[in-house]
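The exercises below invite the reader to examine a protein model from its overall form down to single residues. Please attempt each task before reading its solution.

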Amino acid sequence: MITNAPKSCLRMPRCHGIEIEECSIPQLHDYLSKAVFTSKELVQCYLRRIELVNPYVKAVIETNPDALDIADKLDKERKNGNVRTILHGIPFIVKDNIATKDKMQTTAGCAALAGTIVPGDARVVTLLREAGAVLLGKANLSEFASMRASYYAEGYSSRGGQNRNPYNLAHHPGGSSSGSASSLASNMCAFSIGTETDGSIMFPADRNAVIGLKPTVGLTSTMGVIPESPSMDTIGPFGRSVEDAAIVLDIIHERRATTDTHIDRLGSISVQISCPGLYTSWLSKKDVLKGARFGMPWKRVWEIASKNATKGLEYDSLMELIEKIEKAGALVMKVNFPSAEEIISPGGWDWEFGDGKTESRLSEFEVVRTEFYRNLRSYLSGLEENKSCSLEDVVAYNIQHSTQEGGVPGTHPAWPTGQDNFEKCLESKDWPEDIYLKALEYIRRKSRDEGIDAALRFEGDNLDGLLVPLQADGGVACSVAAKAGYPMITVPVAINDIGVPFGIGIIQTAFKEHLLVRYGSAIEDLVGRRTAPRFLNLEADNYPYVGTPPEKALLP
């Protein structure tokens, strides 16, 4: 059911008399430069917006008590002629699995980690603070980055509650960087930062009509981030435009990146980033589509989308966009991932699928659960103050506090299956190293050489990108990019028949983010401005589930 919200109660407060809803980073920078308002006044405006909207959307776990003081200091710097970057005085929000050495918590939304003290800011937070950006608060997320259960309420955490989609609050905002995307979409900040292992930037961006830019693994540092799977983990920006996302990427990317398998036996490769100029220098208009060449991975990607009866409107809209891209002068052709039938489930997203079958020992999940168990222990041991030293401790805490934490199946409506994925991670701790190494080598080879890189090759040269759906295909294309550790961008297109946005994605090979910016901004120019949230079903109180439902309902 779709019902309209009383929009007057959610109107964005003006900032010193100026309408700032949907303002871009350059527009806010211009207002600050002309002293139309100060950074402190801008922060106050966004804090009022959070007070107004967050009780419904629950996108922000906590706000930074020092934000106004930080903004005031940056205003004084500006008055003295010191403007650090275009982000000077611009408020942003980071996901709650990204460490901040301040008065806020870093918990991945989990009560078991409340009270822990991190040794310092995450690397990306340091870079943004140095650029003059104002950390406004911590974003809600699917607890532990969607890692704890196979069937759960997307966007729910024990610390933040149920994060909702601001376009239709009866539906989830996508995960696991749910609050990062929905807070930005709701105009609670100017930009935000999320993390991704598989889909955690792409899906929330797609479902909130914002730009999500997932960098190549290693382009941005994950130092200070609660880990899931370092072979696939990355940090990226959300923006209300490709320009905003590119501005942030210019600040947070490492000039020398390490593509590290985290396994000495497989080695690591340090590479000099080859992007010619700033990422913002690659911003384009639709005219650059003339002569561009794109691939549409058909087998088990667009093929699935074309047969998805529940996503007919999305598929038709995306095909209309493909026609517009062709009319703008681009060549769009069907291509295939040679490994499609081996690593993509015909039923949609399934990270246990590998070697042509589910529950495979050659699956992405084998890599993720092994790395999660090991690297969480390493992260926890590096905290200055901590009551949980391992995954075993977190699991035990959730069981002990099951009424609030859902550690036992059927005890909390947000987690009908309890913490069954955590339990599967514990199973991997004593397995032979060879099982993990074989799975890691397999998913990389099948997603890279026999996947994305093969699909990009055409007549002796690489295509300018692979155009993919994000929701109509069940999320499978995004998962191939995740396995490979390759970059991806999503651009808003329209809103579906249940009031939830959807867009189109572009995939490229490693360290080709500049091409994503070039063609992402061109398609954005072709499509037009994003649609702001409508806040349908404002009083929704349901749990929007994702994953594999248990055979027997396990609800309290």
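Four exercises follow, each with a worked solution, and they concern a predicted model.

**Exercise 1. The overall form**

Task: Determine whether the radius of gyration agrees or disagrees with that of a compact globule.

Solution. Step one is the expectation: for 556 residues, a compact globule would have a radius of gyration near 24 Å. Step two is the comparison: the protein has 22 Å, which agrees with that value. Step three adds the dimensions, since the C-alpha trace spans about 60 × 60 × 50 Å along its principal axes. Step four turns to the interior and the surface. Buried residues account for 61% of the 556 residues. The accessible surface is about 20200 Å², and carbon and sulfur atoms contribute 49% of it.

**Exercise 2. The two sides of helix α3**

Task: Establish which residues of α3 are buried and where its exposed residues Lys73, Lys76 and Lys79 lie.

Solution. Begin with the geometry: α3 comprises residues 67-79 and reaches 18 Å from its first C-alpha to its last, close to the 18 Å expected. Next, list the buried residues, namely Ala67, Ala71, Leu74, Asp75 and Arg78. They lie on the same side of α3 because they cover an arc of only 110° around the axis. Their packing partners are α1 (25-33), α2 (39-57) and β3 (134-139). Finally, consider the face turned away from this buried side: there one finds the exposed residues Lys73, Lys76 and Lys79. Just after the helix, Gly81 adopts a positive phi of about 90°.

**Exercise 3. A residue of strand β3**

Task: Decide whether Ala139 is buried or exposed, and identify its contacts beyond its neighbours within four places in sequence.

Solution. First, locate the residue: Ala139 belongs to strand β3. Second, apply the cut-off: buried means under 20% relative accessible area. Ala139 has 0%, so this residue is buried. Third, inspect its contacts outside that sequence range, among them Ala59, Val60, Ile61, Ile93 and Gly179.

**Exercise 4. Strand β16 and its partner**

Task: Describe which way the residues of β16 point and in what sense β16 pairs with β18.

Solution. Start from the principle that side chains in a regular strand alternate between the two faces of the sheet. In β16 (residues 466-469), Leu466 and Val468 point one way, while Leu467 and Pro469 point the other way. All of these residues are buried. The strand then pairs with β18 (residues 501-507) in the antiparallel sense, over four bridges. Within this pairing, Pro469 stands opposite Ile504 of β18.

Conventions:
Residues numbered from 1 in each chain as written. Predicted model: local features only at pLDDT ≥ 70, side-chain atom pairs only at ≥ 80, totals over all residues. Heavy atoms only, no water. Helix = DSSP H or I, 4+ residues; strand = E, 2+ residues; numbered from the N terminus. Expected span 1.5 Å × (residues − 1). Buried < 20%, exposed > 50% of the residue type's maximum accessible area, 1.4 Å probe, protein only. Arc of directions from axis to C-beta. Contact = heavy atoms within 4.5 Å. Pairing = 2+ DSSP bridges. Rg over C-alpha atoms; globule rule 2.2 N^0.38 Å. Areas by Shrake-Rupley, 256 points an atom, 1.4 Å probe, with all protein chains shown as cover.
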